[in-house]
Amino acid sequence: MRGALATLLVCLAAGGAAAQSLPETDYTLQCRGCHGPGGAGVPGQVPPLSGVAELLETPAGRARLLAVPGVRQSSLSDERLARLLEWVALRFSPAEGTPHFPPLSAGEVAELR
Amino acid sequence: MSPFDALTERAARHLAMHFSRRSFLARLGALLAGSATLPLLPIARGAAAAASPPEDDPTRCEYWRHCAIDGFLCACCGGSVTVCPPGTEMSPVTWIGTCRNPADGHDYLVSYNDCCGKGYCGRCFCNRNEGDRPIYYPHRSNDINWCAGTSTNVYHCSTAIVLGVAAEAQPER
């Protein structure tokens, strides 16, 4: 009986796949096709995203990041683009150390893009 | 004796005189074995294939995952909806859209990885463009050759790989 219950729970867990968060869905639709599931890019063709957190630490870096064509021309709103860039920075930053960058606001995105 | 009883008696006597019990068992066995092999006949299989709806068939353009595909279906080219045919390699660079699965009503993220390295497959060409954007939005367009990051950019066919459940349908739908 206990085994049957465990099997049922495993089946339910496997069947009900959770939806991605909004920033992850935006990453999948807007960025992942070229930068890949791990943000590693393609050597010599598509740059990795491990440096995004570092770019967000300085005003010059933030301006440079918002000038990237795929970012600047994105069809996302300023607010969603800000959340997406923060998500990318936290997700793909190097393993050592915690990234420290000021939050990115929709207003700043609108000004820089 | 009523006419109905007489008819029943005649039929029972006829059966008893002309058919042995072994004969009945043999015929019943043959009937059961024959019924079991019916689905193996080509006609039966053809009827079953025709009965499945096109949105469940990976070799059809109407297959639900193909809502944004532009190219030849790898399922018709020696591969499958998720695997490249022998002799080709899957491009790591791809375009991704969302398609609604009619079975559960969820929007799924679908990656249309191209298979590269041989000439055009030429079979099962499909051109459905839900969410496709003009080519000046290259990362949201299915019209460009996505055979990039591979050893050759020669296009053969396209897969349709589910990556997960989307938070919402793609905004361009």
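Tutor: Two strands count as a pair if DSSP finds at least two bridges between them. A strand is itself a DSSP run of E with at least two residues, a helix is a run of H or I with at least four, and both are numbered from the N terminus. Before we start: this is a predicted model, in which local features need pLDDT of at least 70 and side-chain atom pairs count only at pLDDT 80 or more, while totals for chains, interfaces and linings use all residues. Residues are numbered from 1 along each chain as its sequence is written, and chains are lettered from A and ligands numbered from 1 in the order in which they are written.

Student: OK, what makes strand 5 and strand 7 of chain B a pair?

Tutor: DSSP has 3 bridges joining them, and they run antiparallel. At least two are needed, so they pair. In this pairing, B:C116 sits opposite B:Y155 of strand 7. They belong to an open, antiparallel sheet of 3 strands in the order 2-5-7 of chain B.

Student: And what makes strand 2 and strand 7 of chain B edge strands?

Tutor: Each of them, strand 2 (89-90) and strand 7, pairs on one side only.

Student: What about the sheet with the order 3-4-8 in chain B: how do you know which strands pair there?

Tutor: Count bridges again. Strand 3 and strand 4 of chain B are joined by 5 bridges, and strand 4 and strand 8 by 4. Both counts meet the minimum of two, so both couples are pairs. This open sheet has 3 strands with antiparallel pairing, and strand 3 and strand 8 are its edges, pairing on one side only. On average, neighbouring strands here are turned by 35° against each other, direction ignored; the axes behind that angle are lines fitted to C-alpha atoms (for helices, over the stretch in contact), and angles run from 0 to 180 degrees between N-to-C directions.

Student: Which residues stand opposite each other in strand 3 and strand 4 of chain B?

Tutor: B:G97 faces B:V110, B:T98 has B:L109 as its bridge partner, and B:R100 faces B:D107. Over at strand 8 of chain B, B:I161 is opposite B:S111. The hairpin of strands 3 and 4 has 6 residues between the strands, and B:G105 in that hairpin takes a positive phi near 80°.

Student: Why is strand 3 of chain B called largely enclosed?

Tutor: A residue is buried if 20 or more other C-beta atoms lie within 10 Å of its own, exposed if 12 or fewer, and partly exposed in between, with C-beta atoms placed from the backbone. In strand 3, 4 of the 5 residues are buried, so the rest of the structure largely encloses this strand. Strand 4 of chain B is mostly covered too, with 4 of its 5 residues buried.

Student: Is B:C124 buried, exposed or partly exposed, and how do you know?

Tutor: B:C124 has 18 C-beta neighbours inside 10 Å, which is over 12 but under 20, so B:C124 is partly exposed. You'll find B:C124 in the loop between strand 5 and strand 6 (125-127) of chain B. B:C124 also has a positive phi of about 55° although it is not a glycine.

Student: What makes a set of residues a nonpolar core?

Tutor: The members are buried Ala, Val, Leu, Ile, Met, Phe, Trp, Tyr and Cys residues joined through C-beta atoms within 7 Å. The largest core has 48 residues, and among those touching the most other members are A:V52, A:L85, B:C74 and B:V110. Helix 7 of chain A gives the largest share, 6 residues. In soluble globular proteins, nonpolar side chains tend to be buried together.

Student: How do you know which residues of chain B and chain A take part in the contact?

Tutor: Two residues are in contact if their C-beta atoms, placed from the backbone, lie within 7 Å. That gives 17 residues from chain B and 19 from chain A. On the chain B side, strand 8 (161-165) gives the largest share, 3 residues.

Student: And what does chain A look like in helices and strands?

Tutor: Chain A has 8 helices and 0 strands. Of its 113 residues, 27% count as buried.
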